[in-house]
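Reader: Please show me the structure, and then let me ask how its labels are justified.

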Amino acid sequence: MNLKTRGKLSVNAAFFKAAWPSTKTSVRESIAATLRAIESHGWITTKESRFAFRLCLEEAIVNAIEHGNRCNPEGVFEIAAHDTPDAGGVIFVCDQGCGFDPGAVTLPADTCAGGRGVCLMKYYMDHVAYNCDSHCLEMRFTPQSPVMGGGCNA
Amino acid sequence: MLEAGRPEIRFEKQGRITIGAVHTPDMLDDSNVSQFADRLMKYISANPGIHLLLDFESVEYLSSAVLSELLRANGACRNNSGSLRICGLSPQIYQVFQITSLDKLFAIQANEKCEAARNRFERALRVADDEQGWASVTGKIE
């Protein structure tokens, strides 16, 4: 076991890590590359979990580009995927911005346009947090999390 | 590779309701949502009072960017005495609407075919007409 500490979390070494410029075309490319990697790693086993991982990745990446890097194409975002000792995993989406607190985000009123992406990530994952020091959004899951087709967080 | 095609919406009037069949090879996401929204908003602006039922049967994936545009379209319909409903969602997309509490706003029912949703929409419009009729009658009596 090759455990290391990332923030307060013990994780295995990343089995996938890559970086992209903060452009519109990077959204699709980075999602496709990450989905390929986590599918071959065995995290995605059903079309439901593929849908949920794709959705969480897109929401996190769009947040990193628009809010973290403020759409600056010279800004870079990085995605890393690690196994965790509890048979789950964690995906880090890191930007170069000042971040936000996903815990403070609640569902907006029906007429409000934003904020739903974080709520969706919080539903599918076991834990979603932004680390201000590393500028990374952390999406952690266990085998029971909805993203794996497990229990319900609603 | 994930490929996003240009989304199309084919509009067809059926009685008082207009069906907007959304056609996209796969997904509606951040990369093509603005094309989808432009087409939708232009049609709604050109048809004030429209009662629109958007058919999502051919859509396999959408993100929260699409939800925001649907809310904008809903507001545009309502501001002109119209309404917007959605039908034909896959179980995964239906769940997204449930998680964000938008299933009730768009009057979506699980596993309902668009034909049934259209009939339910027609009935709701008739009930609304009846209620308006009664309100005008009782208003005159008082």
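**Surface, burial and contacts**

Author: About 7000 Å² of chain A is exposed, and carbon and sulfur atoms supply 52% of it. Such areas come from the Shrake-Rupley method with a 1.4 Å probe, and for residues only the protein chains shown count as cover. This is a predicted model, in which local features need pLDDT of at least 70 and side-chain atom pairs count only at pLDDT 80 or more, while totals for chains, interfaces and linings use all residues; side-chain values use heavy atoms, with hydrogens and water left out. Residues are numbered from 1 along each chain as its sequence is written, and chains are lettered from A and ligands numbered from 1 in the order in which they are written.

Reader: What is the accessible surface of chain B?

Author: Chain B comes to about 7100 Å², of which 47% belongs to carbon and sulfur atoms.

Reader: Why is A:Ile65 called buried?

Author: Buried means under 20% relative accessible area, exposed over 50%, and partly exposed in between (1.4 Å probe, protein chains only). A:Ile65 has 6% relative accessibility, so A:Ile65 counts as buried.

Reader: What makes up the set of contacts of A:Ile65?

Author: Contact means heavy atoms within 4.5 Å. Leaving aside neighbours within four places in sequence, A:Ile65 is in contact with A:Ser22, A:Thr23, A:Val27, A:Arg70, A:Cys71 and A:Phe77.

Reader: Where in chain A is A:Ile65 placed?

Author: A:Ile65 is in helix α2, residues 47–68. Helices (H or I, at least four residues) and strands (E, at least two) are DSSP runs, numbered from the N terminus. Chain A has 3 helices and 7 strands, in the order β-β-β-α-α-β-β-α-β-β.

Reader: What does the same reading give for chain B?

Author: The pattern there is β-β-β-α-β-β-α-β-α-α, with 4 helices and 6 strands.

Reader: Which residues of helix α3 of chain B are buried, and what covers them?

Author: In this helix, residues 91–99, the buried ones are B:Gln92, B:Ile93, B:Tyr94, B:Val96, B:Phe97 and B:Ile99. Their cover includes α2 and α3 (116–124) of chain A, together with β5 (61–62), α2 (64–79) and β6 (83–87) of chain B. Just after α3(B), B:Ser101 takes a positive phi of about 60°.

Reader: How many residues does each chain have, and what share is buried?

Author: Chain A has 154 residues, 49% of them buried. For chain B, 54% of the 142 residues count as buried.
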